[in-house]
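Thanks for making the time, everyone. I would like to walk you through one chain this morning, going from a single residue outwards, so please have the sequence and the structure open.

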Amino acid sequence: MSATGGAARPTPFERDDQEDAAQPWPRGISRRASMRISDVLRDLRAEFPTVSHSKLRFLEEQGLIEPVRTAAGYRQYSPADVQRLRFVLLEQRDRYLPLKVIKERLAALDAGADDDVAEAPGPRLAVSGEEPPVAPARRRYTTRTLATATGVDHELVEGLVGAGVLRTSPGGQLDASAVDIVVLAAGLAEHGIQPRHLRSLRGAADRQVNLVEQVVAPLRSQQSASARAQAATTASEVGELCARLHTAWVRQGVADLGT
C-alpha cells in the first residue's frame, strides 16, 4: 500500500515485465515490422534452403504467423516473427511434428511456458543412437565422392546403386539424401547384410511414398501456391507417420525375437 492508502504503483521494471508477459512468444525480441518477405527468406534460407514465399503464406493461413499488412497490402515481418518462423521450421524438420502440434506448442509458449521448450530440437525418431552426418543442402555426388564423404568403400556405394537401393539422376549423380542411406547401409553391412538384401526395404519405402502421393494428389492438382505448400507439408507429416509406424512394427518384431 502507498502512504495515501492506495495500491502501490508498479515500478518501471515491473511494468516492463508485465508488458513482456502479455506479448506472444518470443519475448525480448523486436516487434518492429520492417522486413519484407524477401528479407525473411534471405535470413531463413541459410538454414532452410527450400523455404519459399508460398510456404510462408501457408503458415500464415494456418495461424502460425501474423505479419503486419501495409496500407498497400504488403506483408511486413519483425525479428520476432522470423524467430517464430524458425521455431516452426525446426519443429517440422527436426521433430517431424504436424502443424497442429506445433501450433499447440506455440500457444503454450505464448501463454508463458518455459522458453527452454523452444531451444533445442529432439532427435529424429527413425535413427537411434548417433545420427548420420547431415549432408549440405542441394549437394550432388558421384559414387566415388560419396564414398569419400561417408568414409566407406567405393565398392559398397557401387553395390547400392547396382542393387537399385541408391538411384542416380540421369546424369549419374546422387543427391544429398544418399549420404544417410550409405551410412546406414554400411552399418548393416557390418552384420553381413549386403546391398541386394536391401531391395525389399527399398520396395517397401516406395510403396509408402506411393501411399503418401495418393493422399496429397488432390492438393497437388490445384494451381495455387498455397495448395502446393499445403501438399508439401501434408506429405511430410503423413510420410513421417508411415515411417514411425514401420519403425514400431520392426521394433515389435525384433523384441519378439528375444522372447
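Leaving aside neighbours within four places in sequence, leucine 174 is in contact with Arg139, Arg140, Tyr141, Thr142, Thr143, Leu146, Val157, Val161, Leu166, Arg167 and Thr168. I should say straight away that what we are looking at is a predicted model, and that every contact I quote is computed from it. Leucine 174 sits in strand β4, which covers residues 174-175, and with a relative accessible area of 1% leucine 174 counts as buried, since the cut-off for that label is under 20%. To take one of those partners, the C-alpha atoms of leucine 174 and threonine 143 are separated by 7.4 Å, although the two residues are 31 apart along the chain.

How confident is the predictor, then, as an average pLDDT over the chain? The chain averages 82, and 81% of the residues score at least 70. Among the elements, helix α7, residues 154-162, has the highest mean pLDDT, at 95, whereas helix α1, residues 12-22, has the lowest, at 46. Over residues 11-19 the pLDDT is below 50, and this stretch has three contacts in the model beyond near neighbours in sequence. Residues 120-137 also stay under 50, and for them the model has 27 contacts beyond four places in sequence.

Let me turn to the nonpolar cores. In soluble globular proteins, nonpolar side chains tend to be buried together. Here the largest nonpolar core has 26 residues, of which Leu44 and Leu56 touch the most other members. The elements that give two or more residues to this core are α2, α3, α4 and α5, and the largest share, six residues, comes from α4. Apart from this core lies another, of 17 residues, which includes Leu146, Ala147, Leu156 and Ala185; Leu146, you will recall, is also one of the contacts of leucine 174.

Staying with leucine 56 for a moment, and not counting residues up to four places away in sequence, we find that leucine 56 touches Ile37, Val40, Leu41, Leu44, Val51, Ile65, Tyr77 and Leu85. Leu56 is one of the buried residues of helix α3, residues 53-61, alongside Ser54, Lys55, Phe58, Leu59 and Glu60, so please note that this buried set contains Lys55 and Glu60 as well. Which elements do the buried residues of α3 pack against? They pack against α2, β1, β2, α4, α5 and α10. Just after α3, glycine 63 takes a positive phi of about 80 degrees.

Now for the charged side chains. Side chains of opposite charge can pair when their charged atoms come close, and this structure holds eleven salt bridges. Glutamate 91 forms one with arginine 105, with the closest N and O atoms 2.6 Å apart, and this pair links distant parts of the chain, glutamate 91 being in helix α4 and arginine 105 in helix α5, 14 residues apart. Glutamate 91 is buried, at a relative accessible area of 2%.

In addition, salt bridges that share partners join Arg36, Asp39 and Arg42 into one network. Arginine 42 meets aspartate 39 at 2.7 Å, N to O, and both of these residues lie in helix α2, three residues apart, about one turn of the helix. Arginine 36 also bridges to aspartate 39, with the closest N and O atoms 3.6 Å apart. Are the residues of this network buried or exposed? Aspartate 39 is buried, at 12% relative accessible area, whereas arginine 36 is exposed at 52% and arginine 42 is exposed at 56%.

Two further features deserve a look. Most peptide bonds are trans. The bond from tryptophan 25 to proline 26, however, is cis, with omega near 0 degrees, and proline 26 lies in the loop between α1 and α2. On the surface, Val250, Val254 and Leu257 form a nonpolar patch with about 310 Å² of accessible area together, and valine 254 belongs to helix α10, which runs over residues 225-257. I will stop there and take questions.

Note on methods. Residues numbered from 1 in each chain as written. Heavy atoms only, no water. Patch = residues over 30% accessible without salt bridge, like charges linked within 9 Å, V, L, I, M, F, W, Y side chains within 5 Å. Areas by Shrake-Rupley, 256 points an atom, 1.4 Å probe, with all protein chains shown as cover. Salt bridge = Lys/Arg side-chain N within 4 Å of Asp/Glu carboxyl O. Helix = DSSP H or I, 4+ residues; strand = E, 2+ residues; numbered from the N terminus. Buried < 20%, exposed > 50% of the residue type's maximum accessible area, 1.4 Å probe, protein only. Contact = heavy atoms within 4.5 Å. pLDDT = per-residue confidence, 0-100. Core = buried A, V, L, I, M, F, W, Y, C linked by side-chain atoms within 4.5 Å.
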